[in-house]
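This briefing is meant to be read beside the sequence and the three-dimensional structure. Please keep both in view while going through the points.

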Amino acid sequence: PEGKPTITAAHNTSATSIYLAWKPPSRDTIHGEFLGYRIGYRRREKADEEMKNIYIRDPAVDNHSIHNLDTFTQYLVSLQVFNPEGHGPASTVTVMTDEGGK
């Protein structure tokens, strides 16, 4: 695929979770069967940390929440479409989880 999804919202919903919403790329940029999305994420300050991936195998889905994250931490979150040939280019945002406790 050559199209990338457009991230329409990215914000924390708690000290340990992030909400992501998007619009799919134009159908003619998928080039083949549209299998779904891959969300990758890692702590921003850990450049050598491996990205964790979540696969959403449903092209109709347009949002997802990531849970069990570290408190008050910046995350790099990327979103790509995929088809049987592989992954398209990523849309990437930085999102910070909320502070914990009062």
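The notes below go from the overall fold to the core, the charged network and selected loop residues.

The model described here is predicted. The protein contains eight strands and zero helices, and its core, its salt bridges and three of its loop residues are taken up in turn below.

**Overall fold and dimensions**

- Read along the sequence, the elements follow the pattern β-β-β-β-β-β-β-β, and the radius of gyration is 14 Å, close to the 13 Å given by the globule rule for 102 residues, so the protein is as compact as a globular protein of that length.
- Taken along the principal axes, the box filled by the C-alpha atoms is roughly 50 × 25 × 15 Å.
- Of the contacts with a separation of 6 or more, 62% are between residues 24 or more positions apart.
- Of the 102 residues, 37% count as buried, while the area that the protein exposes comes to about 5900 Å², with carbon and sulfur atoms supplying 45% of it.

**The largest nonpolar core**

- The largest nonpolar core has 17 residues, of which W22, Y37, I39, Y41, I66 and V77 touch the most other members.
- Strands β2, β3, β4 (52-56) and β6 each supply at least two residues of this core, and the largest share, four residues, comes from β6.
- Once residues up to four places away in sequence are set aside, Y41 touches E50, M51, K52, I54, I66, L69, Y75, L76 and V77; among these, I66 and V77 are also named with Y41 as core residues that touch the most other members.

**The salt-bridge network around R43**

- Side chains of opposite charge can pair when their charged atoms come close.
- The structure holds two salt bridges, and one of them joins the side chains of R43 and E49, with an N to O distance of 2.2 Å.
- In the other, R43 is paired with D70, and the closest N and O atoms are 2.9 Å apart.
- The pair of R43 and D70 links distant parts of the chain, since R43 lies in strand β3 (residues 36-43) and D70 in the loop between β5 (63-66) and β6 (74-83), 27 residues apart.
- Through salt bridges that share partners, R43, E49 and D70 are joined into one network.
- How buried or exposed are the three members of this network? R43 is partly exposed, at a relative accessible area of 23%; E49 is partly exposed as well, at 22%; and D70 also counts as partly exposed, at 33% relative accessibility.

**S17, in the loop between β1 and β2**

- S17 is found in the loop between β1 (6-12) and β2 (18-23), and its relative accessible area is 4%, so S17 counts as buried.
- The side chain of S17 makes a polar contact of 2.6 Å with that of T13, and another polar contact, of 2.8 Å, joins the side chains of S17 and S14.
- Apart from its neighbours within four places in sequence, S17 is in contact with N12, I66, H67, L69 and T97.

**T71, in the loop between β5 and β6**

- T71 has its place in the loop between β5 and β6, and at 37% relative accessibility T71 counts as partly exposed.
- Although T71 and S17 are 54 residues apart in sequence, their C-alpha atoms are 8.6 Å apart in space.
- Not counting residues up to four places away in sequence, T71 touches A15, T16, T97, D98, E99 and G100; of these residues, T97 is also in contact with S17.

**E45, in the loop between β3 and β4**

- E45 is found in the loop between β3 and β4, and because its relative accessibility is 54%, E45 counts as exposed.
- Which residues does E45 contact, leaving aside its neighbours within four places in sequence? The contacts of E45 are with T73 and Q74, and the C-alpha atoms of E45 and T73, 28 residues apart along the chain, are separated by 8.8 Å.

Methods
Residues are numbered from 1 along each chain as its sequence is written. This is a predicted model: local features need pLDDT of at least 70, side-chain atom pairs count only at pLDDT 80 or more; totals for chains, interfaces and linings use all residues. Side-chain values use heavy atoms; hydrogens and water are left out. A salt bridge is a side-chain nitrogen of Lys or Arg within 4 Å of a carboxyl oxygen of Asp or Glu. Buried means under 20% relative accessible area, exposed over 50%, partly exposed in between (1.4 Å probe, protein chains only). A polar contact is a pair of N or O atoms within 3.5 Å; within protein, one must be able to donate a hydrogen and the other to accept it, and residues adjacent in sequence count only if both atoms are side-chain atoms. Contact means heavy atoms within 4.5 Å. The radius of gyration is taken over C-alpha atoms; the globule rule is 2.2 Å times the number of residues to the power 0.38. Accessible areas come from the Shrake-Rupley method with a 1.4 Å probe; for residues, only the protein chains shown count as cover. A nonpolar core is a set of buried Ala, Val, Leu, Ile, Met, Phe, Trp, Tyr and Cys residues joined through side-chain atoms within 4.5 Å.
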